[in-house]
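Colleague: Please take a close look at one part of this model for me, the place where the two chains meet, and include the ligand. A connected account would suit me better than a list.

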Amino acid sequence: MERVPILKIGGVLLVSIQIDLHDQSVLALQEDLAERISATGAHGVVIDISAVEIVDSFIGRMFATIASISRLFDADTVVVGMRPAVAITLVELGLTLGGVRTALDLERGMRILRVLGQESGRIPAGDPTGLEWS
Amino acid sequence: MTASGPEELPIVSDEDVVRVRQAVRGYAQQVRLSLVDQTKLVTATSELARNTLVYGGGGSARIEVVTDNGREGIRASFQDEGPGIPDLTLALADGWSSGKGMGLGLSGARRLVDEFDLDTEVGRGTTVTVVKWKR
Ligand SMILES: Nc1ncnc2c1ncn2[C@@H]1O[C@H](COP(=O)(O)OP(=O)(O)OP(=O)(O)O)[C@@H](O)[C@H]1O
Ligand SMILES: [Mg+2]
């Protein structure tokens, strides 16, 4: 089974979905991420879906699940890079992604996580980028 | 209405669901549906193929190009010989699931396509057929 790699950039875990995920890979990714957040103490998770061609109810639910799991470990989640056609389809499908934060691109997503991390004191002062923190 | 190139694919595993949506994407590109319409059709396919697998206990998909008065479209049907759907009104309602889903698959797929037909019989199985026309 193909697994989605999880990269660590400072205090942030980056998940970039580059393959057409089947349901078992989605579940495996949720488990892998929970492991990594708890092991690293990351303060944020970015899910980059700029290469994802469709988001159906199963994948949509994964975003909400990952956000809930992250919250339990005091980490924030941002989904970035949604394609316009995917966004239009999601609305018509009726999926709201309730409670999942989104950003246009990776850069903006990282910025949101940095602000949230600093506001809550999870990124120490003296590390303005939040990238040295680990 | 004439049809060409029917292709039948099994749906007995997660990987098959991925293969079916990729095949439907190929057909949708062949008749040059817009990117948004391709995305809608493939998303609907994903929902219906997963239902065939999860609730129908597996089955098959049939994909073809259809023409009507010179207009082209894609027809995809999802067939199983599973338990059938006892209460269609409930199954087609937004947010109702007999399992742990969000209950968006059927109702959402219906909104994403131009034609939607559901044929089911308790104890016999279920066939859902959808069509998306090129605009
Ligand atoms: N092929 C099928 N055979 C038998 N029952 C089905 C079939 N497809 C759907 N159903 C029934 O209809 C219900 C609604 O289906 P729908 O796809 O809308 O929601 P779901 O699969 O439960 O959740 P979601 O698709 O949002 O993850 C299902 O819970 C199931 O009981
Ligand atoms: Mg479903």
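Modeller: A polar contact here is a pair of N or O atoms within 3.5 Å. With that cut-off in hand, the ligand is a convenient place to start, bearing in mind that this is a predicted model. Ligand 1 lies between chains A and B. It is surrounded by 21 residues, and the closest are Asn51(B), Tyr55(B), Ser97(B), Ser98(B) and Leu104(B). Three of these come with a distance to an oxygen atom of the ligand. For Tyr55(B), an N or O atom of the side chain is 2.8 Å from an oxygen atom of ligand 1. For Ser97(B), the corresponding distance from a side-chain N or O atom to an oxygen atom of the ligand is 2.6 Å. For Ser98(B), a polar side-chain atom lies 2.5 Å from an oxygen atom of ligand 1.

From the ligand, turn to the contact between the chains themselves. On the chain B side 23 residues are in contact with 20 residues of chain A. The area buried between the two chains is about 2000 Å², and carbon and sulfur atoms give 56% of it. Within chain B, the residues that lose the most area to chain A are Asp14(B), Arg50(B) and Met102(B), which together make up 25% of what that side buries.

The charged and polar pairing can be counted as well. There are six salt bridges between chain B and chain A. One pair joined in this way is Arg21(B) and Asp20(A), whose side chains meet at 2.6 Å, N to O. Across the interface, eleven residue pairs are in polar contact, with both residues at pLDDT 80 or more.

As for where the chain B side comes from, the elements that give two or more residues to it are α1 (14-30), α2 (35-54) and α4 (105-112) of chain B. The largest share, nine residues, comes from α2(B). Sorted by class, the side of chain B that touches chain A has eight nonpolar, six polar and nine charged residues.

Last, the annotation. UniProt, in an unreviewed entry, lists residues 36-135 of chain B as "domain: Histidine kinase/HSP90-like ATPase". In the model this span is 31% helix and 36% strand, and its end C-alpha atoms lie 11 Å apart.

Definitions and conventions. Residues are numbered from 1 along each chain as its sequence is written. Chains are lettered from A and ligands numbered from 1 in the order in which they are written. This is a predicted model: local features need pLDDT of at least 70, side-chain atom pairs count only at pLDDT 80 or more; totals for chains, interfaces and linings use all residues. Side-chain values use heavy atoms; hydrogens and water are left out. UniProt positions are given in the numbering used here, feature names are shortened, and annotations may be inferred rather than shown by experiment. Helices (H or I, at least four residues) and strands (E, at least two) are DSSP runs, numbered from the N terminus. Contact means heavy atoms within 4.5 Å. Buried area is the accessible area (1.4 Å probe) that two parts lose on being put together, summed over both. A salt bridge is a side-chain nitrogen of Lys or Arg within 4 Å of a carboxyl oxygen of Asp or Glu. A polar contact is a pair of N or O atoms within 3.5 Å; within protein, one must be able to donate a hydrogen and the other to accept it, and residues adjacent in sequence count only if both atoms are side-chain atoms. Ala, Val, Leu, Ile, Met, Phe, Trp, Tyr, Cys and Pro count as nonpolar, Asp, Glu, Lys and Arg as charged, and the others, Gly among them, as polar. A residue is near a molecule or strand if one of its heavy atoms lies within 4 Å of it.
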